[in-house]
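Colleague: I would like a close look at a single part of this model. Please take it step by step, and then set that part in its surroundings.

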Amino acid sequence: KQAFKKMDIWSAPPILALHFKRFSVDASSFWTEKLETAVKFPLELDISKYVLNPGTVNSYSLAAVSNHFGGMGGGHYTAYGRNDNGKWFEFDDSAVNEVDDAEKTFNYSAAYVIFYIRDDYRPEAWGTDAEP
């Protein structure tokens with residue numbers, strides 16, 4: 001029989017971090033593998049229907065993406081993040097580059113942890129929508 005896991009969100013936190021399962025372990029053989037399934041995530045997120053005690057603001061804007069490249073034995077981390085003006089940047093070791101179209105630039109197969117900021121905490125300079 002298949003098992004199901006259920007989690008409830010009591011209230012919308014100011015920062016919402018979502019961690020994708022990127023590693024798999026077979027308990028019987030101890031075989032491990034990196035999961036590279038593309039997970040398309042939105043720039044804007046509304047969690048109203050998942051919150052048990054909804055507040056006045058339950059919508060979010062994507063603020064950062066942490067990526068993992070490589071396998072179980074080693075790898076490399078990069079990140080995308082928005083500055084106070086709402087511009088996206090790619091961070092790769094000592095290299096920092098501005099990104100024109102973040103949504104088209106993201107590697108959805110490498111995204112490991114994504115961070116959303118609740119819209120009432122979002123910097124005013126980001127504007128009224130989450131478009132980069």
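Which strands each supply at least two residues of the lining of the largest pocket? Start there, then go on to the aromatic residues and the core.

Modeller: Keep in mind that this is a predicted model. The strands are β1 (15–19) and β4 (44–46), and each gives the pocket lining at least two residues. The full lining consists of Met7, Ile9, Leu16, Leu18, Leu45, Asp46, Ile47 and Tyr50. The space inside this largest pocket comes to about 190 Å³.

Now the chain around the pocket. The protein chain has one helix and nine strands. Along the sequence the pattern runs β-β-β-β-β-β-β-β-α-β. The C-alpha trace spans about 50 × 40 × 20 Å along its principal axes. The chain has 132 residues, and 31% of them count as buried. Take the contacts with a separation of 6 or more: 61% of them join residues 24 or more positions apart.

Next, the aromatic residues. One aromatic cluster is formed by Phe20, Phe41, Tyr80, Trp88, Phe106 and Tyr108. With ring centres within 6.5 Å as the cut-off for a pair, the count is seven aromatic pairs. Tyr80 and Phe106 make one of them, edge-to-face, with 5.2 Å from centre to centre and 70 degrees between the planes. Tyr80 sits in strand β6 (residues 74–82), while Phe106 sits in the loop between α1 (102–105) and β9 (111–118), so this pair ties together parts that are 26 residues apart in sequence. The rings of Phe106 and Tyr108 also pair: their centres are 6.0 Å apart and their planes stand at 90 degrees, so this pair too is edge-to-face.

How exposed are these three? Tyr80 has 6% relative accessibility, so Tyr80 counts as buried. Phe106 is buried as well, with a relative accessible area of 6%. For Tyr108 the relative accessible area is 13%, so Tyr108 is also buried.

Phe106 deserves a second look. Leaving out residues up to four places away in sequence, Phe106 touches Phe41, Leu43, Leu62, Val65, Tyr80 and Trp88. Phe106 also belongs to the largest nonpolar core, which has 19 residues. The members that touch the most other members are Phe41, Leu62, Val65, Trp88, Phe106, Ile114 and Tyr116. Two elements, β5 (59–71) and β9, give two or more residues to this core. In soluble globular proteins, nonpolar side chains tend to be buried together.

Strand β5 also holds a polar residue worth checking, Asn67. Asn67 is buried, with a relative accessible area of 1%. Set aside its neighbours within four places in sequence. Asn67 is then in contact with His76, Tyr77, Thr78, Ala79, Tyr80, Asn107, Ala110, Ala111 and Tyr112. Tyr80 on that list is the partner of Phe106 in the edge-to-face pair.

Now to strand β6, where Gly74 lies. Gly74 has 39% relative accessibility, so Gly74 counts as partly exposed. Beyond four places in sequence, Gly74 touches His68 and Phe69.

A charged side chain comes next. Arg82 lies over the face of Trp126, 3.9 Å from the ring centre.

Two aspartates round this off. Asp93 is in the loop between β7 (88–92) and β8 (95–99). Asp93 is exposed, with a relative accessible area of 65%. Asp93 is not a glycine, yet has a positive phi of about 55 degrees. Asp120 is in the segment after β9. Asp120 is partly exposed, at a relative accessible area of 44%. In sequence Asp120 and Ser59 are 61 residues apart; in space they are 8.5 Å apart, C-alpha to C-alpha.

To go back to your starting point: β1 and β4 each supply at least two residues of the pocket lining, while β5 and β9 each give two or more residues to the largest nonpolar core. Phe106 belongs to that core and to the aromatic cluster.

Key: Residues are numbered from 1 along each chain as its sequence is written. This is a predicted model: local features need pLDDT of at least 70, side-chain atom pairs count only at pLDDT 80 or more; totals for chains, interfaces and linings use all residues. Side-chain values use heavy atoms; hydrogens and water are left out. Rings of Phe, Tyr and Trp (its six-membered ring) pair if their centres lie within 6.5 Å; planes under 30 degrees apart count as stacked, over 60 as edge-to-face and the rest as tilted. Helices (H or I, at least four residues) and strands (E, at least two) are DSSP runs, numbered from the N terminus. Buried means under 20% relative accessible area, exposed over 50%, partly exposed in between (1.4 Å probe, protein chains only). A charge sits over a ring if NZ of Lys or CZ of Arg is within 6 Å of the ring centre and within 35 degrees of the ring normal. A nonpolar core is a set of buried Ala, Val, Leu, Ile, Met, Phe, Trp, Tyr and Cys residues joined through side-chain atoms within 4.5 Å. Contact means heavy atoms within 4.5 Å. On a 1 Å grid over the protein atoms alone, a cavity is a set of points where a 1.4 Å probe fits but cannot get out, and a pocket is an open set with protein on both sides within 12 Å along at least five of seven lines; lining residues have an atom within 4 Å of a point. Grid points are joined across faces, edges and corners, and a volume is the space filled by probe spheres set on the points.
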